[in-house]
Amino acid sequence: MNKTLLFLTVLVIATCGLIYELIVGTLASYLLGDSITQFSTVIGGYLFAMGIGSYLSRFVERGVAQRFVEIELAVALFGGLCAPMLFLTFTLTSVFPVVLYGTVLLIGTLVGLEIPLLLRILQDQLKFKDLVSQVLTFDYLGALAASVAFPLLLVPKLGLVRTSLLFGLLNAGVGLWSTWLLAPVLANPVRLRIKAVALCAGLLVCFAMGDRLTTFYEDQLYADDVVHATSSPYQRIIVTRGKRGFSLFLNGNLQFASIDEYRYHESLVHPAMVRAQKVEHVLILGGGDGLAAREVLRYPDVKSVTLVDLDPAITGLATNYPELAALNHHAMTHPKMRVINTDAMQFLTEGANAWDVVIVDFPDPNNFALGKLYTTGFYKILKRRLAPGGVAVIQSTSPLFARRSFWCVETTLKAAGFWTQPYHALVPSFGEWGYVMVAQEPASRHRPLPEGLAFLDEDTLEGLTRFSPDMAPLPAEVNRLNNQVLVHYYEEEWRRWN
């Protein structure tokens, strides 16, 4: 037996095993939300299943090499098809969680069987200490390769479905070449080769059809036709088009619908712009679609607009996708615009500029990575970056559907030392939507609304601050980095409506 090739086998199967774990965790977070919970439960379940597989390996007493190849082919089949199968289950059935964790347990158990069996195959080739150290070294190297390649290369370039099928092919390839490496100790290598070749052929056909499969699943998930789909290291980006225009979805969550986005963005931007003492230098955090920037650029006094969005794929879409560029009035290429792709908290922490107006247009706090941007820590940093007389506004989810979450944001802003003015607007695609305007001191009116607005006028603007009894203030804890209570409020409240 060629020991070098067997250690290369360890490297490949370790890489494949972690890739399947990452695929299932990512897919669960895309479809179910709350990435922290999904990754935590998937990883925990996967490791538990690997322990089961390791334990079960003791019952393989004869034909160890034969069982090893068969397990490799089983991992290739179920691991390679895990993403297509889970997407199909989510779109066509109501038992997705059962299939999800069943898949985790099945693949984890099979992967847990691999290394113990391989150790037994190699036990006559090396001393025990050398055997364990070398096998585990290649195992951990494979895990490192997978963890680096998955977010930086595989998801952006291939997507989840084709990544799943590609690594299924690699596992099947391991099974196939193992029939030659282990030929002297295999009972029937020819039969195994036929199975491996057939599996490789099937997975290769599915890989070639990967884009069609992805398009089919996404067509089932969205009411309108999918006209643009891509993946970035941060999220899945979908644009749909229907009778009411086009819509943008990130990880399955609606960001805007072109038919009524003006209501959201006019309400987000103009209450703060008319109350700031100056509007010369404006900062937009999030808002990579350029629609908030469009509203800011209506004011002739604006000298510069800096837009900070983590994902260059979104700002690139806003710049280059014709319909979106037209909708944002080509704001992304306006001479007053500066676009920076970086983390918003890092940008505020490292910079020294003071801003007259700050528009905070982050996604809702549906996971802990986003929840940190709604904490007292973040808001205190934001407060230091407001110029004297400056005003900021924070989109703050729905005061109707997530009432305690909304008032938690307002409570947290007060705890950070801000004067606050909560308000809301009806956006048909979202329902009642909430915002909180803040300043270091109470902010009074300094300028009129610009002309040409479709939703806001003086009477409408005044009415935004009135809340009906079913949206009135509720007591809520302050959202701090060490408790992230807002994420728990949000998950509990929105679950009732989904």
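Colleague: Let's start with strand 3 (residues 245–250) and strand 4: over how many bridges do they pair?
Modeller: Happy to, and please keep in mind that this is a predicted model. Strands of a sheet pair through backbone hydrogen bonds, either parallel or antiparallel. Here the sense is antiparallel, and the bridges between strand 3 and strand 4 number four.

Colleague: Which residue is the bridge partner of Ser-247 in strand 4?
Modeller: One bridge of this pair joins Leu-250 of strand 3 to Asn-253 of strand 4. For Ser-247, the partner in strand 4 is Ala-257.

Colleague: What is the phi of Asn-251?
Modeller: Asn-251 lies in the loop between strand 3 and strand 4. The two strands form a hairpin with two residues between them, and Asn-251 is in the turn. Most residues other than glycine have a negative phi, and most peptide bonds are trans. Asn-251 is not a glycine, yet its phi is positive, near 50 degrees.

Colleague: Where is His-329, the other positive phi I noticed?
Modeller: His-329 is not a glycine either, and its phi is positive at about 55 degrees. The residue sits in the loop between helix 12 (322–327) and strand 7.

Colleague: Back to strand 3 and strand 4: what is the strand order of the open sheet of four strands?
Modeller: The pairing in this open sheet is antiparallel. Strand 1 (225–231) and strand 4 (253–257) each pair on one side only, so they are the edge strands. Neighbouring strands are turned against each other by 20 degrees on average, direction ignored. The order is 1-2-3-4.

Colleague: What angle does the direction of helix 11 (residues 312–320) make with that of strand 2 (236–242)?
Modeller: Helix 11 packs on this four-stranded sheet. Helix 11 touches strand 1, strand 2 and strand 3, and its direction makes an angle with that of strand 2 of about 30 degrees.

Colleague: In the open sheet of seven strands, which are the edge strands?
Modeller: The order of that sheet is 7-6-5-8-9-11-10, with mixed pairing. The twist from one strand to the next averages 15 degrees. Pairing on one side only marks the edge strands, strand 7 (337–340) and strand 10 (419–427).

Colleague: Which residue in strand 6 is the bridge partner of Ile-284?
Modeller: Strand 5 (residues 281–286) and strand 6 (residues 304–308) pair in the parallel sense, over five bridges. In strand 6, the partner of Ile-284 is Leu-307.

Colleague: How far apart in space are Trp-419 and Val-391, C-alpha to C-alpha?
Modeller: Trp-419 is found in strand 10. Leaving out residues up to four places away in sequence, Trp-419 has several contacts, among them Arg-275, Met-437 and Pro-442. In sequence, Trp-419 and Val-391 are 28 residues apart, while in space the C-alpha to C-alpha distance is 9.8 Å.

Colleague: Turning to the helices, are helix 4 and helix 5 roughly parallel or antiparallel to each other?
Modeller: The axes of helix 4 (residues 82–92) and helix 5 (residues 96–122) come within 9 Å and cross at roughly 165 degrees. The contact includes Met-85 and Leu-86 of helix 4 and Val-99 and Leu-100 of helix 5. By class, the contact has eight nonpolar, two polar and no charged residues. Since angles over 145 degrees count as such, helix 4 and helix 5 are roughly antiparallel.

Colleague: And is the crossing of helix 4 with helix 8 left-handed or right-handed?
Modeller: The axes of helix 4 and helix 8 (residues 210–221) come within 9 Å and cross at roughly 20 degrees. That is under 35 degrees, so the two helices are roughly parallel to each other. Among the contact residues are Phe-87 and Leu-88 of helix 4 and Phe-216 and Tyr-217 of helix 8. The crossing of helix 4 with helix 5 is right-handed, whereas that with helix 8 is left-handed.

Colleague: One on charges to finish: what is the N to O distance in the salt bridge of Glu-70 and Arg-67?
Modeller: The structure holds ten salt bridges. Glu-70 and Arg-67 are three residues apart in helix 3 (residues 64–80), which means that about one helical turn separates them. Side chains of opposite charge can pair when their charged atoms come close. In the salt bridge of Glu-70 and Arg-67, the N to O distance is 2.8 Å.

Methods
Residues are numbered from 1 along each chain as its sequence is written. This is a predicted model: local features need pLDDT of at least 70, side-chain atom pairs count only at pLDDT 80 or more; totals for chains, interfaces and linings use all residues. Side-chain values use heavy atoms; hydrogens and water are left out. Axes are lines fitted to C-alpha atoms, for helices over the stretch in contact, and angles run from 0 to 180 degrees between N-to-C directions. Angles under 35 degrees count as roughly parallel, over 145 as roughly antiparallel, 65 to 115 as roughly perpendicular and the rest as oblique. A crossing is left-handed if the near helix is turned anticlockwise from the far one by less than a right angle, and right-handed if clockwise. Contact means heavy atoms within 4.5 Å. Ala, Val, Leu, Ile, Met, Phe, Trp, Tyr, Cys and Pro count as nonpolar, Asp, Glu, Lys and Arg as charged, and the others, Gly among them, as polar. A salt bridge is a side-chain nitrogen of Lys or Arg within 4 Å of a carboxyl oxygen of Asp or Glu.
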